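I set out to look up the ligand surroundings and a few local backbone features. The entries are kept in the order of the lookups.

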Amino acid sequence: MILEYNQKLSKTLSQQVVDWFFDRNYTAYQTAVDQKTVFVIPDVIQSLPELPLNAMVSRCILTHPEYALVSRKYQSEDHEIRIGDLVIGGSQEAVKIIGPCSVESRLQIFESAAIVASNGGHILRGGVFKPRTSPYSFQGLGIEGLKLLKEAADTYQLKTATEVMNESDVSVVAEYCDILQIGTRNMQNFGLLEAVGKTQKPVILKRGFSATIQEWLNAAEYIAKQGNRNIILMERGIRTFEKATRNTLDLSVIPLLKQLTYLPVCFDPSHGTGIRELVGPMTLAGLSAGADGVMIEMHPHPDEALSDGMQSLTPTQWKQLNQHIDQLQRVLNNIYDDSKG
Ligand code: PEP
Ligand code: MN
């Protein structure tokens, strides 16, 4: 059941609705408040003889709601995620999440942070728990790497993002890092989704490499259902018959997701293509398609990288691409301003 009220309910009235359903053994989830308060009550699909605050109900839809908590249907306004002074989503400026695939050493992550900070980056990325195909490949520095990532980012006033692979690591990653990343291989690790949902930390939810949009939004719903709406959807390429690129970067999802959800949408052209030379053009394409930000792998010495060197930009390439992004941004701002009339 979707229950819509004809106005924004006060906290007390909203709680009254939640309690009313609780007393009848149902859970009511409030969607993010727009002008009108909406509740989703997933277990009710038949009509009830009475409803809470009946006189104020404007709509009652008997349906099994799919990803209602993250759907644009019940909240029209873009969701903005704030990390200190940084805003992701809603605003025109795209967020730039830049850094090496993995944190490899103190020197490497400090060098990376310096380049990211002096060339327009907002968030320093770097994996410390690495989901490698082979168990014999570099697995990441773990907690030691996490501390180095934070130290380097703090030194250069950057925010941080890193992947968390296990439920048991969520609290320590949340303690040291600004954004928890769920990798492509874990998009449907429901226990992990619930664990990050119980924190209020921003979450990057990468698209599973063979996940449909419906499955992806349902994965986001798992996080939202636990009370955390600070979710960034990140397209990172899907597996297709094509072998010339590492993955097929599906940029059409960006404008499509913008219709389906109010959550910020970002993309990762590094994993999306696997080829350094393609990262620049695809970055400009994705931002033109309306993305709220981009995640790019950049390494101070990509040919010596312990993971994903082939797709990592050199510092010079990133510096140049950052200038192109800023030029493009000005054009896009004009287009958006014009279209607003
Ligand atoms: C990464 O960002 O380094 C990573 C492993 O990404 P994905 O989960 O998209 O492969
Ligand atoms: Mn990588």
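The entries below concern a predicted model and begin with ligand 1.

**Entry 1: ligand 1**

I first listed the shell around ligand 1, which holds 13 residues. R125, K130, T184, K206 and R236 come nearest. I then sorted the shell by residue class and obtained seven charged, four polar and two nonpolar residues.

I next looked up polar contacts to the oxygen atoms of ligand 1. A polar atom in the side chain of R125 lies 2.7 Å from one oxygen atom of the ligand. For T184 the partner is a polar backbone atom, at 2.8 Å from a ligand oxygen. For E297 I noted a side-chain N or O atom at 3.4 Å from an oxygen atom of ligand 1. As to area, ligand 1 has 300 Å² accessible on its own, and the protein covers 97% of this.

**Entry 2: the manganese ion**

Which protein atoms are the donors of the manganese ion (ligand 2)? I found C101 through SG, H271 through NE2, E297 through OE and D308 through OD, lying 2.0 to 2.4 Å from the ion. Along the chain, these donors follow the spacing C-x169-H-x25-E-x10-D. I recorded one pair in particular: H271 in helix α8 (residues 269-273) and E297 in strand β14 (residues 293-297) are 26 residues apart, and the pair links distant parts of the chain.

I then asked whether H271 is buried or exposed. H271 counts as buried because its relative accessibility is 9%, which is under the 20% limit. E297 is likewise buried, with a relative accessible area of 0%. E297 thus enters my notes twice, as a donor of the manganese ion and as a polar contact of ligand 1.

**Entry 3: helix α2**

I checked the length of helix α2, which covers residues 106-118 and has 13 residues. From its first C-alpha to its last, the helix reaches 18 Å, close to the 18 Å expected at 1.5 Å a residue. I listed its buried residues as Q108, I109, F110, S112, A113, I115 and V116. Just after α2, I noted a positive phi of about 80° at G120.

**Entry 4: E235**

I located E235 in strand β12, which spans residues 231-235. Why does E235 count as buried? The reason is its relative accessibility of 0%. I also looked up a contact of its side chain: a polar atom there lies 2.8 Å from the backbone nitrogen of G237.

Terms used
Residues are numbered from 1 along each chain as its sequence is written. Chains are lettered from A and ligands numbered from 1 in the order in which they are written. This is a predicted model: local features need pLDDT of at least 70, side-chain atom pairs count only at pLDDT 80 or more; totals for chains, interfaces and linings use all residues. Side-chain values use heavy atoms; hydrogens and water are left out. A residue is near a molecule or strand if one of its heavy atoms lies within 4 Å of it. A polar contact is a pair of N or O atoms within 3.5 Å; within protein, one must be able to donate a hydrogen and the other to accept it, and residues adjacent in sequence count only if both atoms are side-chain atoms. Accessible areas come from the Shrake-Rupley method with a 1.4 Å probe; for residues, only the protein chains shown count as cover. Ala, Val, Leu, Ile, Met, Phe, Trp, Tyr, Cys and Pro count as nonpolar, Asp, Glu, Lys and Arg as charged, and the others, Gly among them, as polar. Donors are N, O and S atoms within 2.8 Å of the metal (3.2 Å for Na, K and Ca); water is not among the atoms, so sites may look incomplete. Helices (H or I, at least four residues) and strands (E, at least two) are DSSP runs, numbered from the N terminus. Buried means under 20% relative accessible area, exposed over 50%, partly exposed in between (1.4 Å probe, protein chains only). The expected span of a helix is 1.5 Å times one less than its number of residues.
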